[in-house]
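Please work through the exercises below with the sequence and the 3D structure open beside you, and try each task before you read its solution.

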Amino acid sequence: MAFFKKKKSSDLSELTLPEHIGIIMDGNGRWAKKRMLPRSAGHSAGSKVFRTIARYCSDIGIKYLTVYAFSTENWKRPADEVTSLMKLFKDYLEEALRDFKDDSIVVRFIGDKSHFNKELQELMVENEESSKDRDGMVLNIAMNYGSRDELVRAVKSIAQDVKDDKLSVDDIDEQAVSDRLYTAHQPDPDLIIRPSGEYRISNFMLWQAAYTEFVIMNKLWPDFTTDDLDEAIRLYNQRNRRFGGV
């Protein structure tokens with residue numbers, strides 16, 4: 001593995017950093033196709049970029065980073081591609097336990113983990129447990145994640161609490177929903193970045209992104225660099241965030 005080399009962030013010193021960044025890591029397959037490589041090669045290249053960007057975000061002072069790794073819809077992909085992705089996830093999780101033990105990053109997996117095999121589920125739990133007492137950036141890795149599914153789960157949880165007399169109908173408000181999402185007690189993302197040039201949200205953090213700033217970059221994820229992350233933050237600083245006000 002190529003370890004991340006710290007980069008001075010002096011060029012960002014005059015900018016306001018987003019507290020929470022979301023990234024839709026898109027374009028691995030197209031990156032591979034352009035090079036006449038199997039799609040698995042694109043996912044492998046994208047995985048390396050993810051590690052670099054995650055550590056860079058931690059290094060410059062981002063407090064929360066949420067990356068879209070595998071959606072609830074991705075199971076529809078060809079079986080050999082899904083198998084390749086599962087192996088890649090396993091390799092990453094094992095590597096994280098070995099090589100990231102001295103990092104300050106807190107790792108969390110958001111999404112329905114029950115669809116993964118037992119080995120992957122255990123590795124996810126082990127990574128979360130081994131990092132839970134760290135004091136650095138919180139890294140949410142969205143695995144088998146879909147925002148509509150997340151909202152359905154939140155609604156069912158509220159309905160069950162009302163049925164069990166733990167919550168009254170009058171107490172149901174926005175906070176009640178937020179408290180039942182995978183990202184409960186975390187700030188909503190200030191900035192969501194989507195490489196690959198696609199102008200859609202793809203079922204990612206629909207509730208949390210109500211007032212999020214979006215930056216679309218015409219670059220496939222395996223080609224994404226720390227300079228691109230810096231540019232997205234600069235673009236974010238040019239926005240006038242009014243949150244519905246004047």
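The exercises that follow concern a predicted model, and each one is followed by a worked solution.

**Exercise 1. The nonpolar cores**

Task: Find which residues touch the most other members of the largest nonpolar core, and list what F50 is in contact with beyond its neighbours within four places in sequence.

Solution: Begin with the largest nonpolar core, which has 44 residues, and in which I23, F50, L65, L139, I141 and I193 touch the most other members. Next, take F50 and leave aside its neighbours within four places in sequence; the contacts that remain are M25, V67, Y92, L139, I141 and W221. Apart from the largest core lies another one, of 10 residues, including Y68, I110, A142 and A209. As background, nonpolar side chains in soluble globular proteins tend to be buried together.

**Exercise 2. Salt bridges**

Task: Describe where D26 and R194 lie in the chain, and decide whether D91 is buried, partly exposed or exposed.

Solution: The model holds 19 salt bridges, and one of them joins the side chains of D26 and R194, with 2.8 Å from N to O. This pair links distant parts of the chain, since D26 sits in the loop between β1 (20-24) and α1 (28-34), while R194 belongs to strand β5 (residues 191-195), 168 residues apart. Both D26 and R194 are buried.

Now turn to D91, which forms a salt bridge with K87, the closest N and O atoms being 3.0 Å apart. Both residues lie in helix α3 (residues 79-99), four residues apart, which is about one turn of the helix. The relative accessible area of D91 is 32%, so D91 counts as partly exposed, whereas K87 is exposed because its value is 53%, and exposed means over 50%.

A further salt bridge, of 2.9 Å from N to O, is the one between K132 and E129. Finally, salt bridges that share partners join D26, R30, R194, E198 and R200 into one network.

**Exercise 3. The surroundings of Q208**

Task: Locate Q208, and state whether Q208 is buried or exposed.

Solution: First, place Q208 in the loop between β5 and β6 (213-217). Second, read its relative accessible area, which is 2%, so Q208 is buried, the cut-off for buried being under 20%. Third, look at the surroundings: not counting residues up to four places away in sequence, Q208 touches Y145, S147, E150, L181, T183, D188 and P189. With T183, the side chain of Q208 makes a polar contact of 2.9 Å.

**Exercise 4. Two helices**

Task: Explain why the buried residues of α4 line one face of the helix, and name what covers the buried residues of α7.

Solution: Helix α4 (residues 118-131) has 14 residues and reaches 20 Å from its first C-alpha to its last, close to the 20 Å expected. Its buried residues are L120, L123, M124, N127 and S131. Seen down the axis of α4, these buried residues fall within an arc of 100°, and therefore they line one face of the helix. At the start of α4, a side-chain oxygen of N117 comes to within 3.2 Å of the backbone nitrogen of E119.

Helix α7 (residues 226-237) has 12 residues and reaches 17 Å from its first C-alpha to its last, close to the 16 Å expected. Here T226, D228, L229, D230, A232, I233 and Y236 are buried, and what covers the buried residues of α7 includes α2 (39-60), β5 and β6. The N-terminal end of α7 is capped by T225, with a side-chain oxygen 3.3 Å from the backbone nitrogen of D227.

How values were computed:
Residues are numbered from 1 along each chain as its sequence is written. This is a predicted model: local features need pLDDT of at least 70, side-chain atom pairs count only at pLDDT 80 or more; totals for chains, interfaces and linings use all residues. Side-chain values use heavy atoms; hydrogens and water are left out. A nonpolar core is a set of buried Ala, Val, Leu, Ile, Met, Phe, Trp, Tyr and Cys residues joined through side-chain atoms within 4.5 Å. Buried means under 20% relative accessible area, exposed over 50%, partly exposed in between (1.4 Å probe, protein chains only). Contact means heavy atoms within 4.5 Å. A salt bridge is a side-chain nitrogen of Lys or Arg within 4 Å of a carboxyl oxygen of Asp or Glu. A polar contact is a pair of N or O atoms within 3.5 Å; within protein, one must be able to donate a hydrogen and the other to accept it, and residues adjacent in sequence count only if both atoms are side-chain atoms. The expected span of a helix is 1.5 Å times one less than its number of residues. The arc is that of the directions from the helix axis to the C-beta atoms.
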